[in-house]
Amino acid sequence: MNVFDQYEVWFVTGAQLLYGGDAVVAVDAHSNEMVKGLNESGRLPVKVVYKGTANSSKEVEAVFKAANNDERCVGVITWMHTFSPAKMWIHGLQQLKKPLLHLHTQFNKEIPWDTMDMDFMNLNQSAHGDREFGHICTRMRIRRKVVVGYWQDPETQRKIAVWMRVCAAWADAQDMLVIRFGDQMNNVAVTDGDKVEAEQRLGYHVDYCPVSELMEYHSQIKDADVDALVAVYFETYDHDAALEDKTGEAYRKVWNSAKAELALRAILKAKGAKGFTTNFDDLGQTDGSHFDQIPGLASQRLMAEGYGFGAEGDWKSAALYRTVWVMNQGLPNGCSFLEDYTLNFDGNNSAILQAHMLEICPLIAARKPRLEVHFLGIGIRKSQTARLVFTSKTGTGCTATVVDLGNRFRLIVNDVECIEPKPLPKLPVASALWIPQPNFEVGAGAWILAGGTHHSCFSYDLTAEYWEDYAEIAGIEMVYINKNTTLPEFKKELRTNEVYYMLNKALM
Ligand code: MN
């Protein structure tokens, strides 16, 4: 099932009764045709449902309250067909809790120069009706996306589609549970943060689960189910034939990884969780059911399935990865949790190797991943362990992280260019190699000044526009590092934001 099928976006047309019932009937017909056209364009991931014209304060309030209470509705599009006096939107906008997109468009594409009369003028008034609506939104400090363009234009529809994907991911996050197996890696600052504020501001809930409880699931996993999953691995991934030798240690390690995956999936399903974190220092008691190393292969495969993942207890990244995965559904090139690993100074091509110990999502692989078993000497239990090894696609992408600055969350977004890496025969992990835009020095410098993590959530398909929409809906700060970024301007932006958010918080 497509993740977007469970959702809908409501379309509400602003009008008024000043011009008589016939005018409203015409407005209604135009709106129906537009919504039908939007749905039939094939460009929108979420179904648009026309909710009729709103002609009074009572009607606006009723439809927005209904939107709030409808679980399928992930956002509302408004369009003022006629002049719709904006005071009638005040009570409704005070109520509206769902993301808002204000579409500034017009039913007819061009002015019908030869036939246009005053009746036509009275009926087709979005040119000023949408400004009236924009005024009240701005005066009320209503966060929204404003899309300007002809409704049949692919570019207009593309902008609506971006917002819809973000709305779906936002709705998904309001019902998201992230489970931390073990605590965070000790002493790490950037992966920590205020979980209470995260739930208020970003919607998701973070729980702790002792690894001993995970091990209760682990001990219940049936050998036959593990055997079956191992067979799936061998069918799905390239591997050395020797790996299939059931008497070998490597086979045993693959088998252990499959059992870990089944245990993790079972407990996540039982708890209704959409994301999780692990910690390499907490893998269960040696004398009981336990993992022999971090469940890296499991994390890779669960990420591809849509589970949010953050290493070392990084619950903010786990939640953000799930959001990226939802937004990325159906798009061609994939997404992953990544970590800045090693720098490669090479003039204009200076780049950062993105990897993790093991946990990179195979959705970004350039070719079929290879299942391999190697020693991993980090963590409480040092052992041979299975993992998917691959390099990632080349091309442009966008990576993002959320940090807790003490008084607010900051979303940091960076355009990156993924380039071809050299072979890494002695580092058998999944990886990507990228140049942060506008170049390594400015890109990494700005990221560091912004306080960004070494962990981020990356996609080839998403752009900063998605993150702008996300930050707007969440009401959090966003800074965007891109081809036009200069450090002096970026530093100014950080300073002004500091003041803005301090005042903003005081006003809330
Ligand atoms: Mn890490």
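**Chatting through the model: cysteines, manganese and pockets**

Me: Quick one to start: is C361 buried or exposed?

Reply: C361 is buried, at a relative accessible area of 0%. Buried means under 20%, exposed over 50%, and partly exposed in between, with a 1.4 Å probe and protein chains only. This is a predicted model, where local features need pLDDT of at least 70 and side-chain atom pairs count only at pLDDT 80 or more, while totals for chains, interfaces and linings use all residues. Residues are numbered from 1 along each chain as its sequence is written, and side-chain values use heavy atoms, with hydrogens and water left out.

Me: How many disulfides are there?

Reply: Zero disulfides (pairs of cysteine sulfur atoms within 2.5 Å) are held in the structure.

Me: Why is C361 without a bond?

Reply: Because the closest cysteine sulfur, in C335, is 5.8 Å from that of C361, too far for a bond.

Me: And what about C398, where's its nearest cysteine sulfur?

Reply: That of C418, 11 Å away, and C398 is in no disulfide. C398 is buried too, with 2% relative accessible area.

Me: Switching topic: which residues hold the manganese ion's protein donors?

Reply: They are E312 (OE), E312 (OE), E339 (OE), H356 (NE2) and H455 (NE2), at 1.9 to 2.8 Å from the ion. Donors here are N, O and S atoms within 2.8 Å of the metal (3.2 Å for Na, K and Ca), and sites may look incomplete as water is not among the atoms.

Me: How are the donor residues spaced in sequence?

Reply: The pattern is E-x26-E-x16-H-x98-H. E339 and H356 link distant parts of the chain, 17 residues apart: E339 sits in strand 10 (residues 335-344), H356 in the loop between strand 11 (351-355) and strand 12 (370-376). Strands (E, at least two residues) and helices (H or I, at least four) are DSSP runs numbered from the N terminus.

Me: Are those two buried or exposed?

Reply: E339 counts as buried at 10% relative accessibility, and H356 is buried at 0%.

Me: Nice. What volume does the largest pocket have?

Reply: About 1400 Å³. A pocket is an open set of points on a 1 Å grid over the protein atoms alone, where a 1.4 Å probe fits, with protein on both sides within 12 Å along at least five of seven lines; lining residues have an atom within 4 Å of a point. Points are joined across faces, edges and corners, and the volume is the space filled by probe spheres set on them.

Me: What lines the largest pocket?

Reply: 46 residues, with K97, R143, E472, I473 and A474 closest to its centre. Helix 14 gives the largest share, five residues. By class there are 22 nonpolar, eight polar and 16 charged residues. Ala, Val, Leu, Ile, Met, Phe, Trp, Tyr, Cys and Pro count as nonpolar, Asp, Glu, Lys and Arg as charged, and the others, Gly among them, as polar.

Me: And the second largest pocket, which residues are nearest its centre?

Reply: E372, V389, F390, T391 and V429, out of 18 lining residues. The space there is about 360 Å³, and strand 12 contributes the largest share of the lining, three residues. The lining divides into nine nonpolar, three polar and six charged residues.

Me: Last thing: what does the side chain of E477 contact?

Reply: The side chain of R410, through a polar contact of 3.0 Å. That term covers N or O pairs within 3.5 Å; within protein, one must be able to donate a hydrogen and the other to accept it, and residues adjacent in sequence count only if both atoms are side-chain atoms. E477 lies in strand 18 and is buried, at 0% relative accessible area.
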